[in-house]
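Got a minute to go through the labels people hang on a model like this one? Let's ask what each one rests on.

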Amino acid sequence: MTTALFNHPVSLLHDTGIHHPESPRRIEETLKALSDADFDGLDRREAPVVDNAKLLWAHTEEHVARVFDAIPDTGYVAIDGDTVICKDSDEAALRAAGGICAAVDAVIIGEVDNAFCLSRPPGHHAERDRAMGFCLFCNPAIGAYQARNTHGLKKVAVIDFDVHHGNGTQDVFWNDPDMFYASTHESPLFPGTGSEGEIGVAGNIMNCPLPSGAGSFEFRKAMEDKIFPAVQDFEPELIIVSAGFDAHREDPLASLNLEDEDFGWVSKRIVELSQDLCRGRLVSVLEGGYNTDALARSVALHVKALMNAAE
Ligand SMILES: [Zn+2]
C-alpha cells in the first residue's frame with residue numbers, strides 16, 4: 001500500500017505568459033523536490049484526460065463550451081482578468097480534472113492509501129458558470145462527484161487551506177447538503193467571498209477567514225477548533241484537500257505567515273482525521289503557491305505526511 005502521485009507533462013505546457021505567477025515553474029520545482037530518494041516509494045501515475053461529461057457534474061454546458069471555444073491556436077487569451085490560456089490549456093485542464101478522478105478511483109478501489117495530484121491549472125476558484133482566478137474547472141468538486149457518481153459514496157468533505165477562499169468549490173457545493181466545504185483563508189483578499197455567514201443550504205459550508213498577518217497560531221487554532229470538529233460531525237466517506245501553499249510567509253500574493261512546518265502539521269492532522277473518519281481515504285490536489293522554493297519545500301512535507309500514513 002502506498003501514496004500515488006498523479007501528474008502529466010502537459011501540466012508544464014499550460015503557458016500563462018512570462019510574468020504570470022501561476023507558471024510551469026511551480027510544477028518543475030516541485031517535481032525536483034519530489035525526485036529526492038525520500039520519495040522513491042511514490043506510485044507515480046500519469047493523469048488521464050477526464051470524460052467531458054464529468055465536467056458537467058460541476059459546471060454548466062455554457063461554461064465548458066466557453067472554455068473550449070476560447071482556446072487559441074497560438075499566443076495567449078485572457079478569459080478573465082487573471083486567467084490566461086494557450087493552445088495546450090484545454091488538455092492540461094482536462095488532465096487536472098482527470099487526475100483527481102483517477103486518484104479518487106485508486107483510493108476508493110484500494111489500489112493506494114491516498115494520493116496527491118500535482119496539476120495545473122488549479123481549480124477552486126472556477127464557479128459553476130465561470131472561470132476565474134487562474135482556474136478553469138473546479139477539480140476538487142469534480143473529484144468529489146467522481147466518488148459519488150462512480151463509486152456510490154454519499155458524503156465527501158473538501159478541506160481547503162489555500163490562502164484564497166475557494167469560491168468555486170463553495171458555489172458548486174452550496175445547494176448540496178451531502179458535500180461539505182471547509183476553508184481557512186486570508187480576508188480581505190481575492191476573491192472577496194468566504195465570510196463566516198456563508199454556510200450553504202444546510203450548514204455544509206464552513207469559512208474561517210484569517211486577518212492579514214496571521215500565522216501558525218491562528219491557522220492551527222482555526223483548524224483544531226473549527227474545521228476538524230466540523231468535518232468530524234459531517235462524517236465524510238472521503239476527504240479531498242485543496243492544497244494551496246500560498247499562505248506561506250514567503251508567498252508574494254498574500255500576507256499570511258505560515259512556515260514550512262505548518263504545512264507538514266496540517267497535512268499530518270488531515271491524514272489522522274481521514275484515518276479516524278474514512279479509513280484513510282484522502283485525495284489531495286494542488287491549488288496555489290507562488291514562491292516556487294517555498295512551494296516545493298511545503299509540497300514535499302505535505303507528500304511526506306501522506307506517505308507516512310501509508311507506511
Ligand atoms: Zn491561492
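What follows is a set of short questions and answers about this predicted model.

Q: What are the ground rules for numbering and for trusting the values?
A: Residues are numbered from 1 along each chain as its sequence is written. This is a predicted model, so local features need pLDDT of at least 70 and side-chain atom pairs pLDDT 80 or more, while totals for chains, interfaces and linings use all residues, and side-chain values use heavy atoms, with hydrogens and water left out.

Q: What makes the protein as compact as a globular protein of its length?
A: Start with the parts: nine helices and ten strands, where helices (H or I, at least four residues) and strands (E, at least two) are DSSP runs numbered from the N terminus. The radius of gyration, taken over C-alpha atoms, is 17 Å, and the globule rule (2.2 Å times the number of residues to the power 0.38) gives 19 Å for 311 residues. Those two values are close, so the protein counts as compact as a globular protein of that length. Along its principal axes the C-alpha trace spans about 50 × 45 × 40 Å.

Q: How much of the protein is buried?
A: Buried residues make up 60% of the 311; the cut-offs are under 20% relative accessible area for buried, over 50% for exposed and partly exposed in between (1.4 Å probe, protein chains only). As for contacts (heavy atoms within 4.5 Å), residues 24 or more positions apart account for 77% of those with a separation of 6 or more.

Q: Why is the arrangement around the zinc ion called irregular?
A: The donors are Asp-162 (OD), Asp-162 (OD), His-164 (ND1) and Asp-246 (OD), at 2.0 to 2.8 Å. Donors are N, O and S atoms within 2.8 Å of the metal (3.2 Å for Na, K and Ca), and water is not among the atoms, so sites may look incomplete. Four donors count as tetrahedral if all angles lie between 85 and 135 degrees; four count as square planar and six as octahedral if opposite donors are over 155 degrees apart and all others between 65 and 115; anything else is irregular. Here the angles run from 52 to 153°, which makes the arrangement irregular.

Q: What makes Asp-162 and Asp-246 a pair that ties together parts of the chain?
A: The donors follow the spacing D-x1-H-x81-D. Asp-162 is in the loop between β6 (156–160) and α6 (167–173) and Asp-246 in the loop between β9 (238–243) and α8 (260–278), so the pair links parts that are 84 residues apart in sequence. Asp-162, at 1% relative accessibility, counts as buried, and Asp-246 is buried at 0%.

Q: How do you know that the buried residues of α3 line one face?
A: In α3 (61–70), the buried ones are His-63, Val-64, Val-67 and Ala-70. Their directions from the helix axis to the C-beta atoms define the arc, and they fall within an arc of 140°, so they line one face of the helix. An α-helix has 3.6 residues a turn, so residues three or four places apart point the same way. The buried residues pack against α2 (52–55), β3 (77–78) and β4 (84–85), while Glu-61 and Asp-69 are exposed on the other side.

Q: Is Phe-134 buried or exposed, and what about Arg-279?
A: Phe-134 comes in at 13%, so it counts as buried, whereas Arg-279 is exposed at 71%. Each has a positive phi without being glycine: near 75° for Phe-134 and near 55° for Arg-279. Phe-134 sits in the loop between β5 and α5, and Arg-279 in the loop between α8 and β10 (282–286).

Q: Why is Met-206 called partly exposed, and Ile-270 buried?
A: Met-206, in strand β8, has a relative accessible area of 23%, so it is partly exposed. Ile-270, in helix α8, is at 2% and therefore buried. Leaving aside neighbours within four places in sequence, the contacts of Ile-270 include Phe-161, Phe-228 and Val-241.
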